[in-house]
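Colleague: Could you take me closely through one part of this model, namely how its helices pack against one another, and then carry on into the sheets where that helps? I would like one connected account that I can follow with the structure open.

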Amino acid sequence: MDARHILTLLISTSLFACQSSSKDAVTAEQGRRSYTAPGKVTVTAEEARRIAEEAYIFGYPLVLMDVTKDVMTNVPGVSERAAPLGQFVHKESFPDANFSEVVSPNADTLYSSAWLDLKKEPIILSLPATNERYFLMPMMSAWTEVFASPGSRTTGTEKGDFAVVGPDWKGTLPQGIKEVRSPTNDVWIIGRTQTNGTTDYAAVRNLQKQYHLTPLSSWGTNYVPPTNVSVRSNIDMRTPPVEQVERMSAAEFFKRMASSMKRNSPTAADGATISELVKIGLVPGYDFDAGKLPSNISKAIEEGAKSGLSLIQKSAQKPEDKRVNGWVIENGLGKYNRNYVKRSTTAINALGANLPDDAVYARTNVDSDGRPLRGDSKYTITFAKNQIPPVNAFWSLTMYNSRYFFAKNPLNRYAIGDRDDLAYNKDGSLTLFIQRQSPGKSRVSNWLPAPAGVFNLNMRLYWPKQAVLSGQWEPPAVLKQPEFKQLSENRNLK
């Protein structure tokens, strides 16, 4: 799922697992005030080019998040795809085979998305009891780090209230409300609720109506979110955020980055990088003014920014993910430990990615011999009895055509998994049939219809067990089945 997907589709083993990063953020916020205003730039042009390249990679997620936030919240009220700050927008149904706006649509969960502004005050997230239904509410900082993930895995499925507080907030919360401290003032909540097919929509929609956001100052009142919020005419609501960022000049990019850093400080762990950024006039807490730079330095910074974007794009085309049995397994998402290239690559490819503890994704477009998967062939995937995907929630296998969209098929089935009525083999193993034509009446329950031409598969494992996280469990290869040709009955007898 790339950044365009999240925007268009929506337009620790505990809750406090990332608490240490929040403490770092507070330290950084306090330390920022010790920075002095940008002084005269004394680096050489070559040094400026190098620093700008590093600064672009470092700041790309922050800028992309800032643009995405503007696009997704610049509406007067809740619509099908967007909502003002502090309000949820819910996706109430899955895309179908006619949907072609974005790639890799999801047929497992319905989304509930909200952007929070914590600069003024905390926002309280209220969650209902879900009756053991799997859900998660991952919270992502402005730097795309998942700092908390309330939900089935971390806080259970009972009713709860969580106050999301900014890095500078000091105060006392009402009794019974758990504090979740964010490292930044801007936060994106990207909730997912398990949805067991179209017949399950009503139950999920009922839960979505009970996901509430309330400013702390309005807690205990009959708070009603505003419905006529002012919008800004200078926000580009048509161009995908990824493209908007790509089109920015270095001056525009770093100006946007500096502006966002005023609200969303880097952490103390980023100190070495910040000390380099300061050398080209990019100082946390201050505006960036490219007009004050010497012309040769401005040119070098422009070159460095272009080089940074190119490196991100190249890395995005060949991510450093694990490859097993023809599957590419995405790893290390949601928390990057100063791996800025990985963080930027994830932002451009999968903005809003979950922590591995919440979900692990694997994808393939080749069979066991490395040949492209094609609809004119027949394939099977067999999980041995002791190799059924080990998850605490559920798993699925989704079919996409060559363009990563759903394809029409006789069953209107786009994904298959353990929530379906699958038929297991006598030895306890499980075989899935992946082909264009029906594998026969007795096998329809295990059939994932394939489209004509080449196709792609995506396996999603929600709340994976340790065997998945450690790499002990591996997805089996996709096996092409032999084709048996009937011998001709015509013979030349001599």
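Modeller: What follows starts with the helix contacts, turns to two single residues, and ends with two sheets. Please keep in mind throughout that this is a predicted model.

A good place to begin is helix α3, which covers residues 45–73, and its contact with helix α8, the latter made of residues 295–317. The axes of α3 and α8 come within 7 Å and cross at roughly 40 degrees, and that angle makes α3 oblique to α8. The crossing of α3 with α8 is right-handed. On the α3 side the residues that take part are Ala45, Ala48, Arg49, Ala52, Glu53, Tyr56, Ile57 and Tyr60, and among those they meet on α8 are Asn296, Ile297, Ala300, Ile301, Gly304, Leu309 and Ile312. Sorted by class, the contact of α3 with α8 holds 13 nonpolar, four polar and three charged residues.

Helix α8 has a further partner in helix α6, residues 250–263, and here the axes come within 9 Å and cross at roughly 80 degrees. Angles of 65 to 115 degrees count as roughly perpendicular, and α6 and α8 are therefore roughly perpendicular to each other. Ala250, Ala251 and Phe254 are the α6 residues in this contact, and they meet Ile301, Glu302 and Ala305 of α8. By class, the contact of α6 with α8 consists of five nonpolar residues and one charged residue, with no polar ones. If you place your cursor on Ile301, you will find that this residue of α8 meets α6 and is listed in the contact with α3 as well; Ala305 likewise appears in the contact with α6 and in the contact with α3.

Returning to α3, the next partner to look at is helix α9, residues 340–350, whose axis comes within 8 Å of that of α3, with a crossing of roughly 30 degrees. Here α3 and α9 make a left-handed crossing. From α3 the contact takes in Ile57, Phe58, Tyr60, Pro61 and Leu64, which meet Tyr340, Val341, Arg343, Ser344, Ala347 and Ile348 in α9. Nine nonpolar, one polar and one charged residues make up the contact of α3 with α9. Ile57 and Tyr60 of α3 thus take part in the contact with α9, and they belong to the contact with α8 too.

Within α9 it is worth pausing at threonine 346, which has a relative accessibility of 7% and so counts as buried, the cut-off being under 20%. Beyond its neighbours within four places in sequence, threonine 346 is in contact with Leu333, Tyr336, Leu351 and Ala353. Its C-alpha lies 9.5 Å from that of serine 315, although threonine 346 and serine 315 are 31 residues apart in sequence.

Glutamine 208 offers a second single residue to inspect, this time in helix α4, residues 201–208. At 2% relative accessibility, glutamine 208 counts as buried. Apart from sequence neighbours within four places, glutamine 208 is in contact with His90, Lys91, Glu92, Leu110, Tyr111 and Ser112. Glycine 191 is 17 residues away from glutamine 208 along the chain, with 9.6 Å between the C-alpha atoms.

Turning to the sheets, one open sheet of four strands has the order β8-β7-β3-β10 and mixed pairing. Its edge strands are β8 (178–181) and β10 (212–215), each pairing on one side only, and the twist averages 30 degrees from one strand to the next. Strand β3, residues 123–127, runs antiparallel to β10 and is joined to it by four bridges, with isoleucine 123 opposite proline 215 of β10.

Another open sheet of four strands, again with mixed pairing, is ordered β18-β17-β14-β20, and its edges are β18 (447–449) and β20 (479–480). Strand β17, residues 430–435, pairs with β14, residues 379–383, in the antiparallel sense over five bridges, and tyrosine 379 stands opposite isoleucine 434. With β18, by contrast, β17 runs parallel over three bridges, and phenylalanine 433 stands opposite tryptophan 447. In a regular strand, side chains alternate between the two faces of the sheet. In β17, Leu430, Leu432 and Ile434 point one way while Thr431, Phe433 and Gln435 point the other way, and all are buried.

How values were computed
Residues numbered from 1 in each chain as written. Predicted model: local features only at pLDDT ≥ 70, side-chain atom pairs only at ≥ 80, totals over all residues. Heavy atoms only, no water. Axes fitted to C-alpha atoms, helices over the stretch in contact; angles between N-to-C directions. Helix = DSSP H or I, 4+ residues; strand = E, 2+ residues; numbered from the N terminus. Parallel < 35°, antiparallel > 145°, perpendicular 65-115°, else oblique. Contact = heavy atoms within 4.5 Å. Nonpolar A, V, L, I, M, F, W, Y, C, P; charged D, E, K, R; others polar. Left-handed = near helix turned anticlockwise from the far one by under 90°. Pairing = 2+ DSSP bridges. Buried < 20%, exposed > 50% of the residue type's maximum accessible area, 1.4 Å probe, protein only.
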